[in-house]
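Thanks for sharing this one. Here are my notes, in numbered points, to read with the structure open beside you.

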Amino acid sequence: MKRTQLLSATVGAGIALSLSMPSTARADDLNIVLFSMPYTQGLAKLEADFEAKTGHTANIEVIGQDVFENRITLSFTGKTGDLDVVHTPVIQVQRWIEAGWLRPITSEVDGMASKDDILAGPLDAYLVNGERYALPFFAETGMMAYRTDLLAAAGFDKAPETWEEMLEVAAAVKTDDTGALAMRVAPGQGFNMFVFPMIMRAYGGEFFADYSGGDLTPNMNTPEALKGLEVYSSLMNDFGPEGIGNFNFGEVAAAMQTGQVAMIVDGTSIAARTLDPEKSQFADKISIAAVPSGPAGRSPAIAVHGLGIPADAPSPEASFAFLEWATSEEVLTKIALSETYPDFTRASVASNADVLAKYESIHPDFLDLKVQMLGDAIGHYRPLLPQWPQIGQTVGENINAAVNGIMSNQEALATSDEDIADIMSE
Amino acid sequence: MRKNGFDLKQNAGRAMMLGFAIFTLLPIVWAIILSFRPASHLFEPIWSSPTVLTWDNFGTLARSDFPFALLNSLVTAGGATILAMLIGVPAGFALAKGRSHRKFIASWMLLLLRMAPPVGFVIPLFLLYLNIGLIDTWFGLIAAYMVLTLPLVVWSSWTSMAQVPNELIEASLLDGATLFQTFWKIVLPAARPGVVATAVLAFLIAWNDFFFALIITRSDTVTAPVAIMNFVSYATVDWGSIALASIALTLPTVPVIIFANKYIVQSLGGAVKG
Amino acid sequence: MGVQTLFQRGYNRMLLPAVVAVGVFAILPLVGMIGLAFTDFHLIKGWRGEWGLHNFMRMTQDRRFLASINVMLFLSVFGVLFQVTMGTLVAVGLEKIVPKWRFMRGIFVVPFVVPAVAVALIWLSLFTPTLSPINAFFDIFGITVPAFLTSEYGAIFAIVIADTWASFPFVMLLILAALQGISSDLEEAASIDGATKMQVFWRITLPLLKPALLMVALFRFIETLKHFPLIFIMTNGGPGRTTQATNYYAYIQTFQSSKVSYGAAIAVFLFAIAAVISFYVARANARITDA
């Protein structure tokens with residue numbers, strides 16, 4: 001009898017628990033979903049500031065990028081209407097706009113008093129067909145970091161300026177213990193496809209026959225792109241550290257911080273991490289340089305992230321108030337000072353004395369070099385097409401296969417052309 | 001001579017078992033080491049700086065959403081197990097002792113449901129949940145996990161209750177007990193090891209799930225296996241926290257399995273012998 | 001007998017809740033999946049009204065899909081082979097070689113409860129050359145451990161190893177159970193007749209374990225067809241596409257390429273495989289139960 005009572009009590013409690021769902025967010029709460037990076041982590045700590053400023057409460061959730069992409073796509077598809085502000089990478093924006101998932105915010109942005117303070121490149125990355133769709137908070141470009149001591153020991157007093165020189169320096173610097181150069185190789189549009197086009201474009205390779213002119217015939221199987229891929233494969237395989245074939249940004253940063261490689265070419269936020277004495281064991285021996293160039297010039301990688309408003313957001317005014325606050329000079333400055341060297345997007349932040357002092361402490365030229373790289377970068381470094389996420393994934397797999405010797409370089413490019421043609425024809 | 005040869009083989013056998021034990025323990029010990037290593041020393045061998053250890057990862061984990069996600073996991077996996085047992089064990093009993101010409105179909109269906117690839121029906125499930133408002137609710141996830149575990153619960157209570165002698169049941173029924181009373185007072189106690197083992201396995205299946213939680217949870221009900229991925233952020237992979245979170249995710253189930261070990265062996269024995 | 005018929009309605013009533021629960025939360029989505037497979041639902045473009053067999057026709061010409069089947073079979077065959085071998089060896093070893101090392105049983109059972117996500121993350125760290133203690137250990141002797149995750153078969157075997165680690169305890173528990181069911185009389189009789197331990201194992205014990213081995217192998221085979229977290233976390237399907245098993249490919253088609261219907265068609269294909277295998281498991285089981 002006693003056991004029966006105990007059991008029914010347990011069962012009762014179980015059912016009661018399962019029915020009393022977690023309290024859903026209050027009506028005036030804003031739900032914001034971001035994926036994890038220094039800025040978003042910093043922003044999540046400032047929830048209380050937003051409430052003090054606007055009276056709205058914000059429920060900021062910072063999640064892993066993989067989880068983010070699934071969740072967002074499904075929220076949008078299902079029109080769940082449960083999001084007020086969403087992390088909007090430029091790379092996704094075309095696809096989301098085509099699907100009608102984002103709300104245009106042109107007049108709101110144009111009405112902002114401090115609009116001109118926002119860096120024009122990142123801001124206009126969200127200008128599609130005459131409408132604006134997001135405010136940027138992060139603009140990262142390509143950058144090189146290198147070990148002055150290791151290069152000097154091999155007889156070089158400065159970083160290589162071209163990819164040809166890079167091959168030479170790499171051959172001289174590589175030892176059994178230390179790789180010469182690390183870059184991302186893991187397959188993915190934000191992984192190897194963030195860095196590989198730097199080399200491909202430097203040699204004159206392109207994704208399409210004439211992107212700017214509107215001719216979107218796939219055109220990766222060219223001698224120029226092949227040369228770029230050969231250089232990339234050779235740099236990784238012949239002069240990279242052990243296990244490079246699966247490296248992603250995390251491993252690239254770690255390899256430099258722990259002295260396993262002499263050079264990296266990656267984004268500014270990764271370069272900054274290798275210069276940070278708290279994170280990097282060789283920070284005092286690391287310097288930075290421009291991304292190497294090639295016969296067709298220099299093409300630093302660029303990535304812009306911003307905040308947008310879902311089309312079905314219930315209270316767009318409140319959402320925009322959040323956007324404006326989260327990308328304001330005050331907030332960006334706060335985060336620039338509190339987090340690990342985020343890539344802010346306002347000129348005023350770059351001239352703030354405290355911010356300047358902080359970035360200069362890791363390297364005197366850091367901010368200047370970043371501005372220079374921003375100037376060299378082309379907006380459509382990764383083509384701004386709704387199909388890009390899919391193209392980037394597929395081509396990224398082919399490029400990764402080439403570097404790891406599963407396909408030949410030539411085959412990888414030929415296959416990529418076929419794949420892009422398939423994707424574009426759908 | 002003969003004795004030496006025997007010893008040699010015996011020692012080879014022992015060496016093999018030790019080798020397997022090392023293989024089994026290495027990842028566990030490694031996770032424990034990682035969880036105490038500061039980020040600055042992650043990439044150097046532990047023996048070159050064995051004393052450089054830190055409690056920092058515990059703080060990081062405590063401040064993150066992970067403890068909340070563990071609670072969600074506990075509620076959903078626990079709730080699903082209770083529900084699946086409530087619904088599934090009587091069904092297993094009915095299949096074991098009732099008369100039906102469709103038993104073969106039933107057993108095939110149960111296995112098939114257990115084996116169906118979630119990737120296909122998770123989208124329809126998502127759309128269904130969207131329409132009935134179960135996205136990001138405990139109940140929605142509990143229902144999904146209940147279905148995930150129900151085939152196993154029915155199947156294994158079927159096999160363990162099939163071993164309860166018919167005479168026992170008939171005697172009870174002839175004494176005037178109702179069918180449910182017979183089930184509750186006679187069959188259930190007799191099949192206890194099987195029932196305990198079933199509950200443990202059901203809980204483990206729900207506790208381990210990654211895919212369903214990835215699709216049908218949002219911020220309110222995110223479970224621990226999904227939340228662990230939040231330690232992989234742009235620019236850094238927080239290996240220390242990941243290792244610690246992995247341990248935290250495993251620890252609650254270790255005592256359960258060590259306690260239920262013998263029941264599982266007993267009940268699986270039933271399943272194998274039939 | 002007569003009593004049973006009398007109580008059949010009671011039995012049916014006990015069966016009903018399970019039937020309803022499965023109907024609403026499992027059959028309904030399954031029907032939805034099959035329905036989707038014959039249409040053209042796209043996450044971004046929505047419905048375009050085409051329906052028919054086009055997704056299945058497409059599968060027959062999709063090189064990536066066909067390649068994914070190879071990967072899947074590779075992962076499953078080697079995974080099951082390793083797990084069943086190791087699980088059986090450990091179970092037999094625990095019973096026959098080191099019966100006194102009782103604590104070992106507790107050790108071997110632990111991986112069973114480590115969630116797949118944690119398994120994948122821990123093994124990813126062990127297979128990352130710059131991080132792994134295994135690489136650091138062999139470096140002392142000047143031996144360079146090859147980077148598993150960057151070569152075609154290396155990456156597949158990395159997943160197989162991680163899966164073996166996580167799943168051999170299941171096999172071990174099942175075989176331990178089966179061993180307890182084998183009467184020791186037969187084995188003793190054989191060794192009195194002069195058979196060595198090895199001979200007893202090969203000629204007596206192993207044949208008696210056969211039904212259990214077959215059952216556990218089939219169970220594990222089906223589970224390995226559903227690999228997700230290990231691939232998702234350890235390799236992302238790479239290097240190249242060499243670890244994109246069919247289940248993972250269905251996921252990529254659904255979520256990254258937004259082709260929900262095509263993904264569903266691939267899932268239907270997997271479902272059909274599961275239906276065939278589970279049919280044989282159910283039949284084998286029915287035979288054992290009836291005997």
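1. Let's start with the bend in α8(C). In this predicted model, the helix turns by about 40 degrees at C:S167, and a proline, C:P169, follows within four residues. α8(C) covers residues 152-181, 30 residues in total. From its first C-alpha to its last it reaches 42 Å, close to the 44 Å expected at 1.5 Å a residue. As for its surroundings, 24 of the 30 residues are buried, so α8(C) is largely enclosed by the rest of the structure.

2. The rest of chain C is helical too: the chain has 13 helices and zero strands. Along its principal axes, the C-alpha trace of chain C spans about 80 × 75 × 30 Å. Of the 291 residues in chain C, 52% are buried. Among contacts in chain C with a separation of 6 or more, 71% are between residues 24 or more positions apart.

3. On confidence, the mean pLDDT of chain C is 86, and 96% of its residues reach 70 or more. The model as a whole scores ipTM 0.88 and pTM 0.86.

4. A residue I would look at is C:V117, which is found in helix α6 (residues 116-126) of chain C. Is C:V117 buried or exposed? C:V117 has 29 other C-beta atoms within 10 Å, so it counts as buried; the cut-off for that label is 20 or more. Leaving out residues up to four places away in sequence, C:V117 touches C:P229 and C:I233 in its own chain, and B:F210, B:P225 and B:I228 across in chain B. C:V117 and C:F228 are 111 residues apart in sequence, yet 9.3 Å apart in space, C-alpha to C-alpha.

5. That brings us to the interface between chains B and C. Here 87 residues of chain C are in contact with 79 residues of chain B. On the chain C side, the residues divide into 69 nonpolar, 17 polar and one charged.

6. Chains A and C also meet: 27 residues of chain A are in contact with 20 residues of chain C. On the chain A side, α4 (65-77), α5 (90-98), α12 (249-257) and α19 (388-403) each supply at least two residues. Which of these gives the most? It is α19(A), with six residues. The chain A side of this contact divides into 10 nonpolar, 12 polar and five charged residues.

7. Chain A has strands worth a look, and β12(A) is a good place to begin. Seven of the seven residues of this strand (302-308) are buried, so β12(A) is largely enclosed by the rest of the structure. In a regular strand the side chains alternate between the two faces of the sheet. Both faces of β12(A) are covered, with A:I302, A:V304, A:G306 and A:G308 buried on one side and A:A303, A:H305 and A:L307 buried on the other.

8. β12(A) also has antiparallel partners. Four bridges join β3 (residues 85-89) of chain A to β12(A), where A:V86 has A:G308 as its bridge partner. Seven bridges join β6 (residues 134-147) of chain A to β12(A), and A:L135 stands opposite A:L307.

9. Finally, a hairpin in chain A: β8(A) and β9(A) have four residues between them. Two bridges join these antiparallel strands, and A:F208 has A:P218 as its bridge partner. In the turn, A:G214 has a positive phi of about 90 degrees.

How values were computed: Residues are numbered from 1 along each chain as its sequence is written. Chains are lettered from A and ligands numbered from 1 in the order in which they are written. pLDDT is the predictor's confidence in each residue, from 0 to 100. The expected span of a helix is 1.5 Å times one less than its number of residues. The bend at a residue is the angle between axes fitted to the seven residues ending there and the seven starting there. A residue is buried if 20 or more other C-beta atoms lie within 10 Å of its own, exposed if 12 or fewer, and partly exposed in between; C-beta atoms are placed from the backbone. Two residues are in contact if their C-beta atoms, placed from the backbone, lie within 7 Å. Ala, Val, Leu, Ile, Met, Phe, Trp, Tyr, Cys and Pro count as nonpolar, Asp, Glu, Lys and Arg as charged, and the others, Gly among them, as polar. Two strands pair if DSSP finds at least two bridges between them.
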